[in-house]
Amino acid sequence: MIVCRKEAISKEQVDQWLADWEILRAEIHSSHAARDGKAKDIMQKGIYLYESFIINASNVTTESIQLSDEYEALPINGAERLQFIKRRPGQYACYRQLDELFIETKKRMARLRLKKD
């Protein structure tokens, strides 16, 4: 298992990461509601934000999440769910799934912070 780096999962860093996601989330939601075709591009930014946080929080040197590895920072089935999202980022279901990953990861980071203290 690839463990988290304690300094990378501080409340301040997680809160900033979530604030960045909330901005993107609102844009994606609006794009889906308007059916303007921009959701896919914004979703790519959200996917990058999610992956970069997980990589930064983990003790790894790779630049992307490896399916063969188990990350302490990822929620249950997180890597598989992320692969699903990456295959069709323009779909509304993928947007909902990415939003759930952000929510679940936030909770996981809080539990890991308590565990690592």
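Tutor: A cavity is a set of grid points where a 1.4 Å probe fits but cannot get out, and its lining residues have an atom within 4 Å of such a point. The structure above is a predicted model.

Student: How many cavities of 30 Å³ or more does the structure hold, and which residues line the largest cavity?

Tutor: A search of the whole structure finds one cavity of 30 Å³ or more. The largest cavity encloses about 30 Å³ of space. Its lining is made of Ile65, Gln66, Leu67, Ala79, Leu82 and Gln83. By class, four residues of that lining are nonpolar, two are polar and none is charged.

Student: What makes the largest pocket a pocket rather than a cavity?

Tutor: A pocket is an open set of points with protein on both sides within 12 Å along at least five of seven lines, whereas a cavity is a set from which the probe cannot get out. The largest pocket has a volume of about 160 Å³. Of the 13 residues that line it, Glu70, Tyr71, Leu74, Pro75 and Asn77 are the closest to its centre. Helix α3, residues 78-87, gives the most to this lining, with three residues. The lining of the largest pocket divides into seven nonpolar, two polar and four charged residues.

Student: Which residues of α3 are buried, and why can they be placed on the same side of the helix?

Tutor: The buried residues of α3 are Gly78, Ala79, Arg81, Leu82 and Ile85. They cover an arc of only 160° around the axis, and therefore lie on the same side of α3. An α-helix has 3.6 residues a turn, so residues three or four places apart point the same way. What covers the buried residues of α3 includes α2 (39-57) and α4 (92-116).

Student: Why is Glu51 called buried, and what does Glu51 touch?

Tutor: Glu51 has a relative accessibility of 10%. Buried means under 20%, so Glu51 counts as buried. Glu51 is placed in helix α2. Not counting residues up to four places away in sequence, Glu51 touches Ser64, Ile65, Leu82 and Lys86.

Student: Why is Glu72 called buried, and where does Glu72 lie?

Tutor: Its relative accessibility is 5%, so Glu72 counts as buried. Glu72 lies in the loop between α2 and α3. Leaving aside neighbours within four places in sequence, Glu72 is in contact with Met1, Ile2, Val3, Cys4, Arg108, Leu112, Lys115 and Lys116.

Student: Why is Asp99 called buried, and which residues does Asp99 touch?

Tutor: Asp99 stands at 6% relative accessibility, so this residue counts as buried. Asp99 is found in helix α4. Not counting residues up to four places away in sequence, Asp99 touches Trp21 and Arg25.

Student: How do you know that His32 should be counted as buried or exposed?

Tutor: The cut-off for buried is under 20% relative accessible area. His32 is at 16% relative accessibility, and therefore counts as buried. His32 lies in helix α1. Leaving aside neighbours within four places in sequence, His32 is in contact with Ala39, Gly90, Gln91, Tyr92 and Tyr95.

Student: What class does Arg35 fall into, buried or exposed, and what is its phi?

Tutor: Exposed means over 50%. Arg35 has a relative accessible area of 76%, and is therefore exposed. Arg35 lies in the loop between α1 and α2. Its phi is near 50°, a positive value in a residue other than glycine. Most residues other than glycine have a negative phi.

Student: Why is Asn77 called partly exposed?

Tutor: Partly exposed covers the range between the cut-offs of 20% and 50%. The relative accessible area of Asn77 is 49%, so Asn77 is partly exposed. Asn77 has its place in the loop between α2 and α3. The phi of Asn77 is near 60°, a positive value in a residue other than glycine.

Student: What makes a group of residues a nonpolar core, and how many residues does the largest one have?

Tutor: Such a core is a set of buried Ala, Val, Leu, Ile, Met, Phe, Trp, Tyr and Cys residues joined through side-chain atoms within 4.5 Å. The largest nonpolar core has 33 residues, and those with the most contacts inside it are Trp17, Tyr50, Ile54, Ile65, Leu98, Phe102 and Met109. Helices α1 (11-34), α2, α3 and α4 each supply at least two residues of this core. The largest share, nine residues, comes from α2. Leaving aside neighbours within four places in sequence, Leu98 is in contact with Trp21, Met43, Gly46, Ile47, Tyr50 and Ile85.

Terms used. Residues numbered from 1 in each chain as written. Predicted model: local features only at pLDDT ≥ 70, side-chain atom pairs only at ≥ 80, totals over all residues. Heavy atoms only, no water. Points joined across faces, edges and corners; volume = space filled by probe spheres on them. Helix = DSSP H or I, 4+ residues; strand = E, 2+ residues; numbered from the N terminus. Nonpolar A, V, L, I, M, F, W, Y, C, P; charged D, E, K, R; others polar. Buried < 20%, exposed > 50% of the residue type's maximum accessible area, 1.4 Å probe, protein only. Arc of directions from axis to C-beta. Contact = heavy atoms within 4.5 Å.
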